[in-house]
Amino acid sequence: MKRPYVVINCAMSADGKIASSSGKQMRISCDEDIKRMYELRNECDAVLVGINTVLSDDPKLTVKEKYVKNPKQPIRIVLDTNCKTPIGSLVVNNLAKTLIISGKQCDKKFSDNVEVIRCGTNKDGVIDLEKLMEILYNKDIKKLMVEGGGTVIWNFLKYGLVDDFYVYVGPMIIGGKDTPTIAGGKKIDENSNLKLVETKTIGPGTLLHYRI
Ligand SMILES: NC(=O)c1ccc[n+]([C@@H]2O[C@H](COP(=O)([O-])OP(=O)(O)OC[C@H]3O[C@@H](n4cnc5c(N)ncnc54)[C@H](OP(=O)(O)O)[C@@H]3O)[C@@H](O)[C@H]2O)c1
């Protein structure tokens with residue numbers, strides 16, 4: 001299967017949580033790591049998140065000029081089976097192109113920078129990632145950054161669609177049995193073979209770089 005090179009990037013607490021116990025965005029990365037994240041974003045052709053991240057955090061998913069001079073603004077992609085992306089959400093603002101990947105006909109009227117792509121769903125009723133990878137490859141998206149949340153990361157790992165995996169571990173404990181974690185899904189049947197290729201101290205935390 002021809003597919004983009006897939007890079008996961010996320011930040012977690014020392015106890016593996018990626019948000020607050022109520023599922024709200026939390027500052028886990030330090031400024032230096034945020035700069036690294038923006039540089040990585042700028043290197044990629046597209047940045048992808050799941051609809052729950054859009055609904056809970058309302059991210060712009062753009063590259064800030066403060067961190068990268070003359071950013072090229074990668075395409076933003078939302079996995080959104082039922083077309084729930086709010087018309088007023090920041091991910092569809094006019095600062096970059098956005099693809100909404102939906103499993104059904106979507107009648108919402110977004111502005112011209114937004115394209116809704118209908119893609120097949122899998123047996124779990126969510127977007128079929130293998131089909132999506134082909135669609136993105138054919139759109140000349142050769143390097144894709146997956147930013148979360150946990151359900152999306154879990155699915156990319158489960159279907160063996162990940163090449164690089166970056167985790168910034170912040171020096172904090174968030175706690176909470178139901179607080180979102182990096183790979184929030186059912187057990188993955190086969191162990192994904194992660195190979196640690198680099199560790200780096202960044203500010204008060206550590207960046208782990210795995211290859212699969
Ligand atoms: N620390 C970090 O680095 C970081 C980064 C990003 C997000 N977050 C946090 O992550 C949390 C949200 O994570 P989440 O796990 O609840 O949701 P999510 O991964 O953002 O979105 C999951 C949803 O995406 C849709 N989807 C469609 N196709 C999918 C597919 N093939 N695989 C997976 N999902 C698919 C599904 O909803 P439909 O069926 O409705 O389409 C699914 O429920 C928030 O608390 C956010 O703050 C943290």
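1. Read along the sequence, the protein follows the pattern β-α-β-α-β-β-β-α-β-α-β-β-β, with four helices and nine strands, where helices (H or I, at least four residues) and strands (E, at least two) are DSSP runs numbered from the N terminus.

2. The model is predicted, so that local features need pLDDT of at least 70 and side-chain atom pairs count only at pLDDT 80 or more, while totals for chains, interfaces and linings use all residues. Residues are numbered from 1 along each chain as its sequence is written, and side-chain values use heavy atoms, with hydrogens and water left out.

3. The radius of gyration of the protein, taken over C-alpha atoms, is 16 Å, which agrees with the value near 17 Å for a compact globule of 212 residues, the globule rule being 2.2 Å times the number of residues to the power 0.38. Of these residues, 50% count as buried, meaning under 20% relative accessible area (1.4 Å probe, protein chains only).

4. Around the ligand there are 27 residues, the closest being G23, T53, D57, T81 and T151, where a residue is near if one of its heavy atoms lies within 4 Å. Helix α2 (51-57) is among the elements that each supply at least two residues of this shell, and α2 gives the most, with five.

5. Among the polar contacts (pairs of N or O atoms within 3.5 Å), a polar side-chain atom of D57 lies 2.7 Å from an oxygen atom of the ligand, and a backbone N or O atom of I18 lies 3.0 Å from a ligand nitrogen atom. Taken alone the ligand exposes 920 Å², of which the protein buries 86%, with areas from the Shrake-Rupley method and a 1.4 Å probe.

Methods: Polar contact = N/O pair within 3.5 Å; in protein donor to acceptor, adjacent residues only side chain to side chain.
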